[in-house]
Amino acid sequence: MRIALYQPEIAGNVGAILRLAACFSVPVDIIMPTGFAFSDARLKRAAMDYGEAAEVVRHANFEAFDAERRAAGRRLLLMSSHASQRLPDVTFRSDDVLLMGSESAGVPDHVRDLADIRVRIPMAPGFRSLNIAVSTGIAVAEALRQTGSFPA
């Protein structure tokens, strides 16, 4: 299982996701550019001392990331509030990549169209989205639960 962040914009969100990734031993792919410098204090504050333990790979752009993903034979699952496939109805594989779009714009159409599965987290009527770090935690937990991949 891997988490991929498409051009993230908010350092605090990335820090929280890096903390999550370290705690669950899930690598993170960061698709550049980001909306902040990696030296940003908000990133370090949110990740706390866990950020150093996270396995992070930075990719120059989506094409570089996608080439590596395809070479490894991994499925791409796009998390999107606009997707029709509900999270509880998806069958995850242990080598899936969970792609989270940027906070303000999600992903462009050409990236969306490459996703093997587009997944949404069902919510109560009248709400459109969750914070990206919260969404990542929910999706990763479900994927780890299904694949029996939670740390011991």
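Start with α2 (41-47) and β3 (56-59): each of them supplies at least two residues to the lining of the second largest pocket in this predicted model. Of the two, α2 deserves the extra glance, as the largest share of that lining, 3 residues, comes from α2. To trace the walls yourself, pick out Leu18, Phe38, Leu43, Lys44, Ala47, Met48, Gly51, Glu52, Ala54, Val56 and Arg58. Sorted by character, that set gives 7 nonpolar residues, 1 polar and 3 charged. Among the charged ones are Lys44, Glu52 and Arg58, while Gly51 is counted as polar. The space they line comes to about 230 Å³.

Now move over to the largest pocket, with its volume of about 640 Å³. Which elements give two or more residues to its lining? They are β4 (76-79), α4 (109-114), β7 (117-120) and α5 (132-147), so defined as DSSP runs numbered from the N terminus. The largest share comes from β7, though that amounts to 3 residues, out of a lining of 27.

If you want a spot to centre your view on, go for Met79, Ser80, Ser81, Gly106 and Ser129, the lining residues that lie nearest the middle of the largest pocket. Met79 sits within the β4 range, 76-79. As for chemistry, the lining of the largest pocket divides into 11 nonpolar, 10 polar and 6 charged residues. Set that beside the second largest pocket, where the split is 7 nonpolar, 1 polar and 3 charged.

Terms used
Residues are numbered from 1 along each chain as its sequence is written. This is a predicted model: local features need pLDDT of at least 70, side-chain atom pairs count only at pLDDT 80 or more; totals for chains, interfaces and linings use all residues. Side-chain values use heavy atoms; hydrogens and water are left out. On a 1 Å grid over the protein atoms alone, a cavity is a set of points where a 1.4 Å probe fits but cannot get out, and a pocket is an open set with protein on both sides within 12 Å along at least five of seven lines; lining residues have an atom within 4 Å of a point. Grid points are joined across faces, edges and corners, and a volume is the space filled by probe spheres set on the points. Helices (H or I, at least four residues) and strands (E, at least two) are DSSP runs, numbered from the N terminus.
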